[in-house]
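Please read the following report alongside the chain and its fold. It moves from helices to a pocket, and then to single residues in loops.

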Amino acid sequence: MNYFKSNQRKEEELSFFNTGFFQLCYGFYRARETMENEEKSQDYLVFQEEHGTLAFALCDGVSLSFYGDAAAQFLGDKLVAWLMEQDELLYEEGEALFHAYLETLTEEATKYIEAVPVNSHLPPLVKSVLEEKRDNGSEAMFACGRIDALSNGLYRLFLSSGGDIRVRFFSDDGEEVSQSKLETGVRWSTKRGLIGEKAHTVIQKSCAFHKLLLYSDGLALLDEKRLGNDEIKEAISHSLATPESDDISLLEITL
């Protein structure tokens, strides 16, 4: 089994490996200011691959909510575990199943957030504001999915996303064939479940793409660009060099 989960207090340099079914490239970097202050990233990346089944989630905590990093980690871990447990029905009724699952998480998530400690070194006023936010829950944007390698050499995909996580599909010649819409009003809350309209869902019983790329808004300068490894490395370096940089997480999956 191949498994990765990001450490929200540590950078993960761009890494590559081949599972036998998928070629994966991934990286995880905190924003410049976050690194300097030794704080947690609001992003969270997790994936698991076993016997030709790959489940993945990239979540971005909403900073205006109570410790969005906690919601991102909770949601990412839950989504990957759930996706790995699904069967054929995911590719028939996946959208309804996924939305129903998101709603079942709120009770456990609320208890989880209630147990998250507030930094004891913060000023009393800041602590008070955070406790008020805790009552409203923690929120995260997300993109997650599952890809199965089939016995006939083809692949099938289930993918769902909400918020501003970028999800882009490319053909084998590097041309972009489609990308998921950015639904900035759609996110998940530990208190309220899914907020906004339905998550954007893609189901392909025979994958019509060669490469799938997901990345958080810290790499927004990649939008609309034709991509290769050099372009990704350059964009990461450029973003981290700017004072206003944001957290960066990315996962590239090649079939």
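The sections below describe a predicted model, and each takes up one topic.

## Two helices

Helix α3 covers residues 90-104, and although it has 15 residues, its end C-alpha atoms are only 17 Å apart, short of the 21 Å that a straight helix would reach at 1.5 Å a residue. The same helix, α3, has a kink of about 45° centred on Ala96. The buried residues of α3 are Leu90, Tyr91, Gly94, Phe98, His99, Tyr101 and Leu102.

Helix α5, by contrast, has 13 residues and reaches 19 Å from its first C-alpha to its last, which is close to the 18 Å expected at 1.5 Å a residue. After α5 comes Gly137, whose phi is positive, near 90°.

## The largest pocket

The largest pocket has a volume of about 1000 Å³. Two or more residues of its lining come from each of the elements α1 (32-36), β5 (53-61), α2 (68-85) and α5 (124-136). In total 37 residues line this pocket, and those that lie nearest its centre are Glu39, Lys40, Gln42, Tyr67 and Asp69. Sorted by class, the lining has 14 charged, 13 nonpolar and 10 polar residues.

Two of the residues nearest the pocket centre, Glu39 and Lys40, are also touched by Thr34, which has further contacts with Ser41 and Asp247 when residues up to four places away in sequence are not counted. Thr34 lies in helix α1, and it counts as buried because its relative accessibility is 12%, under the 20% cut-off.

## Positive phi outside glycine

Most residues other than glycine have a negative phi. Tyr67 is not a glycine, yet its phi is positive, about 40°. This residue, placed in the loop between β5 and α2, is partly exposed, with a relative accessible area of 21%.

Glu38 likewise has a positive phi, of about 55°, although it is not a glycine. Glu38 is found in the loop between α1 and β4, and with a relative accessible area of 64% it is exposed.

## Buried residues in loops

Gly52 is found in the loop between β4 (43-50) and β5, and it is buried, with a relative accessible area of 1%. Leaving out residues up to four places away in sequence, Gly52 touches Phe21, Phe22, Ile147, Asp148 and Ala149. For one of these partners, Ile147, the separation along the chain is 95 residues, while the C-alpha atoms of Gly52 and Ile147 are separated by 8.1 Å.

Gly218 is found in the loop between β13 (211-215) and α6 (229-240), and its relative accessibility of 9% makes it count as buried. Apart from neighbours within four places in sequence, Gly218 is in contact with Ser239, Asp246, Asp247 and Ile248. Ser239 is also touched by Ser245, whose other contacts, with residues up to four places away not counted, are Ala31, Arg32 and Leu240. Ser245 has its place in the loop between α6 and β14 (248-254), and it is buried, with a relative accessible area of 10%.

Conventions: Residues are numbered from 1 along each chain as its sequence is written. This is a predicted model: local features need pLDDT of at least 70, side-chain atom pairs count only at pLDDT 80 or more; totals for chains, interfaces and linings use all residues. Side-chain values use heavy atoms; hydrogens and water are left out. Helices (H or I, at least four residues) and strands (E, at least two) are DSSP runs, numbered from the N terminus. The expected span of a helix is 1.5 Å times one less than its number of residues. The bend at a residue is the angle between axes fitted to the seven residues ending there and the seven starting there. Buried means under 20% relative accessible area, exposed over 50%, partly exposed in between (1.4 Å probe, protein chains only). Contact means heavy atoms within 4.5 Å. On a 1 Å grid over the protein atoms alone, a cavity is a set of points where a 1.4 Å probe fits but cannot get out, and a pocket is an open set with protein on both sides within 12 Å along at least five of seven lines; lining residues have an atom within 4 Å of a point. Grid points are joined across faces, edges and corners, and a volume is the space filled by probe spheres set on the points. Ala, Val, Leu, Ile, Met, Phe, Trp, Tyr, Cys and Pro count as nonpolar, Asp, Glu, Lys and Arg as charged, and the others, Gly among them, as polar.
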